[in-house]
Amino acid sequence: MGIRETLNKNQTLTTGATIGIIVIAIIVIVWQMMPEKIQRVMTKSYYTVDDGKTWFEDSAEKLSPFDKDGKEAVRAHLFRCGESGEPFVGYLEKLDPRVKARLDQFQSNPANKGRVMPGQAEAEEGGNLVKRRGDKNWLPETSPNAARIRTIKCKDGSYAIRVVPDMPQ
């Protein structure tokens with residue numbers, strides 16, 4: 001008896017096996033297409049209270065600037081040159097005070113606990129200010145100079161490697 005006759009006699013088994021193979025293939029395809037940031041969520045970020053001289057880890061959920069021991073804490077983006085280079089602060093980031101005030105006001109309402117403000121992602125995306133260590137002025141992240149601030153190069157001309165807090169596996 002050939003394969004065709006065997007499959008025709010056992011149609012239920014053939015259909016079940018085919019559906020199983022299709023489901024497994026779909027799961028594998030979807031898993032491979034998921035961006036890494038969805039597969040592994042960053043829960044911590046680096047912050048500084050002294051213009052990047054030192055830094056500390058805290059929840060990535062925090063809206064910067066925030067108060068840390070009486071000082072203004074802002075997000076610090078760490079980098080290193082080469083695989084074994086020492087980490088350093090490449091640039092600092094905080095929310096524009098107007099955007100931060102709107103988000104703080106929304107979050108202070110007990111009825112909004114655990115909710116995301118409508119338009120929050122857009123506000124955070126376009127409402128950030130950036131600067132390099134030692135710079136006096138903060139620039140909107142949408143300004144042409146902001147791209148240069150966020151592009152961190154090493155002394156040898158190569159691009160620095162971003163350093164992130166340990167992410168859950």
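Colleague: At the start of α4, what makes the approach of D96 to R98 a polar contact?

Modeller: Keep in mind that this is a predicted model. A side-chain oxygen of D96 comes to within 2.8 Å of the backbone nitrogen of R98. The cut-off for a polar contact between N or O atoms is 3.5 Å, so this pair qualifies.

Colleague: How do you know how the span of helix α4 compares with what is expected?

Modeller: Helix α4 runs over residues 97-108, which makes 12 residues. From its first C-alpha to its last it reaches 16 Å, close to the 16 Å expected at 1.5 Å a residue.

Colleague: Which residues of α4 are buried, and what puts them on the same side?

Modeller: The buried ones are V99, K100, L103 and F106. They cover an arc of only 130° around the axis, so they sit on the same side of α4. The other side of α4 has P97, R98, Q105 and S108, which are exposed.

Colleague: Moving on to charges, why is the contact of E72 with K94 called a salt bridge?

Modeller: The N to O distance between their side chains is 3.8 Å. A salt bridge needs a Lys or Arg nitrogen within 4 Å of a carboxyl oxygen of Asp or Glu, so E72 and K94 pass. The search of the whole structure turns up 6 salt bridges.

Colleague: What makes the E72 and K94 pair a link between distant parts of the chain?

Modeller: E72 is in strand β4 (residues 71-80) and K94 is in strand β5 (residues 88-95), with the two 22 residues apart.

Colleague: Are E72 and K94 buried or exposed, and how do you know?

Modeller: Buried means under 20% relative accessible area, so K94 at 12% counts as buried. E72 has 45%, which lies between 20% and the 50% cut-off for exposed, so E72 is partly exposed.

Colleague: And why is E83 called exposed?

Modeller: Its relative accessibility is 68%, which is over 50%, so E83 counts as exposed. E83 forms a salt bridge with R80, their closest N and O atoms being 3.8 Å apart.

Colleague: What about R150 and E141: how do you know which is buried and which is partly exposed?

Modeller: E141 has a relative accessible area of 14%, under the 20% cut-off, so E141 is buried. R150 has 32%, so R150 falls in the partly exposed range. These two also form a salt bridge, with closest N and O atoms 3.8 Å apart.

Colleague: Now the rings. Why is the aromatic pair of F79 and Y91 called tilted rather than stacked or edge-to-face?

Modeller: Among the 4 aromatic pairs found in the structure, F79 and Y91 have centres 6.2 Å apart and planes at 35°. The distance is within 6.5 Å, and the angle is neither under 30 nor over 60 degrees, so the pair is tilted. F79 in strand β4 and Y91 in strand β5 are 12 residues apart. With relative accessibility of 5%, F79 counts as buried, and Y91 does too at 4%.

Colleague: What makes Y47, F56 and F66 a cluster?

Modeller: Ring pairs link them. F66 has company from K62 as well, whose charged end sits over the ring, 4.5 Å from its centre.

Colleague: Last one: how do you know whether I152 is buried or exposed?

Modeller: I152 has a relative accessible area of 8%, under 20%, so I152 is buried. I152 lies in the loop between α6 (144-150) and β8 (161-163).

Technical notes
Residues are numbered from 1 along each chain as its sequence is written. This is a predicted model: local features need pLDDT of at least 70, side-chain atom pairs count only at pLDDT 80 or more; totals for chains, interfaces and linings use all residues. Side-chain values use heavy atoms; hydrogens and water are left out. Helices (H or I, at least four residues) and strands (E, at least two) are DSSP runs, numbered from the N terminus. Buried means under 20% relative accessible area, exposed over 50%, partly exposed in between (1.4 Å probe, protein chains only). The expected span of a helix is 1.5 Å times one less than its number of residues. The arc is that of the directions from the helix axis to the C-beta atoms. A polar contact is a pair of N or O atoms within 3.5 Å; within protein, one must be able to donate a hydrogen and the other to accept it, and residues adjacent in sequence count only if both atoms are side-chain atoms. Rings of Phe, Tyr and Trp (its six-membered ring) pair if their centres lie within 6.5 Å; planes under 30 degrees apart count as stacked, over 60 as edge-to-face and the rest as tilted. A charge sits over a ring if NZ of Lys or CZ of Arg is within 6 Å of the ring centre and within 35 degrees of the ring normal.
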